[in-house]
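The following exercises concern one helix and the sheet beside it. Please consult the sequence and the structure while working through each solution.

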Amino acid sequence: MEKDKGRREYIICIINSEAVYCNAFETMYQSIISNSPLLLERKWVVLYTEDNEEGIEHLIKKYQNIEFISYPEFQSVDKYELKFLLINYIESIEDSESIITYLDTDHIFLRNMDLIEVENGRVILSSEKRKLSINGEKIIHYNASFVRATINTWKAFMLDWKKTYSALEGKVNSRFREEIAFSIAIRDNKVQVTPLSGEIQSNFQNYHLECICFHYGGEYSSAKKMKNVLVGNHISIDTLTNQEKWLISQIQFNMPK
């Protein structure tokens, strides 16, 4: 349990033992070492379940400056439910003014990121969002690949996040259920939202060549190509856009050798 006094900065990722997740994490971390070293001054934590330990043992040995924390395995058909490991970790931290930045592993950092200050009651989110309707109720569905908030703010909505996730079973596309539940929970708990600009965090919806980091996840065809690159699958160059060629070059340059 964390007992440090004063405000502390945590950066947290969640992985499983699939090659695409391990390689994405290493690629992201190597790009941070090269292009955004200030982020390394934060406390880095990687969460995983015990059944994945053998598959990520090479990462635990290689990155001894990172705290890898395991939790009991649980059965779920939805791999995105792993994100609720955040709740387990946050509940163990006592310094409520400290800040947690959650990062999906499928980011590539191109320039130095200066993390934006955030006050209680506010969350800084990914630049990607869309509007949707659930049973006639209009909501904003925020992409949750980047989430930054004080621990006090996380604790204000995280249990409702998990409760809403369960309530949405069978009502929304399972691929997005966790993110939609997150969006509803922060709305219902009156948490203020500040999305990142596309110049800070670019993606396939908000593309900026001079961005600080690029999130290449999602259900886009381009995202699937990037994941194939991470596991060494062949991709015909004739099928690639200029944007995809640029991004692949960034990923390949930072992939673990």
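**Exercise 1.** State which residues of α4 are buried, and what covers them.

*Solution.* Buried means under 20% relative accessible area, with a 1.4 Å probe and protein chains only. In α4, the buried residues are Ile151, Thr153, Trp154, Phe157, Met158, Trp161, Thr164 and Tyr165. Their cover includes β1 (9–14), β9 (146–150) and α5 (177–188). The model is predicted: local features need pLDDT of at least 70, and side-chain atom pairs count only at pLDDT 80 or more, while totals for chains, interfaces and linings use all residues. Residues are numbered from 1 along each chain as its sequence is written, and side-chain values use heavy atoms, leaving out hydrogens and water.

**Exercise 2.** Compare the expected span of α4 with the distance between its end C-alpha atoms.

*Solution.* The expected span is 1.5 Å times one less than the number of residues. Helix α4 (residues 151–167) has 17 residues, so it should span 24 Å. Its end C-alpha atoms are 24 Å apart, which agrees. A kink of about 35° is nevertheless centred on phenylalanine 157; the bend is the angle between axes fitted to the seven residues ending there and the seven starting there.

**Exercise 3.** Give the strand order of the sheet and identify its edges.

*Solution.* The order of this open sheet of seven strands is β3-β2-β1-β4-β9-β6-β10, with mixed pairing; two strands pair if DSSP finds at least two bridges between them. At the edges, β3 (67–71) and β10 (192–195) each have a single partner strand, so one side of each lacks a neighbour in the sheet.

Technical notes
Helix = DSSP H or I, 4+ residues; strand = E, 2+ residues; numbered from the N terminus. Buried < 20%, exposed > 50% of the residue type's maximum accessible area, 1.4 Å probe, protein only. Contact = heavy atoms within 4.5 Å.
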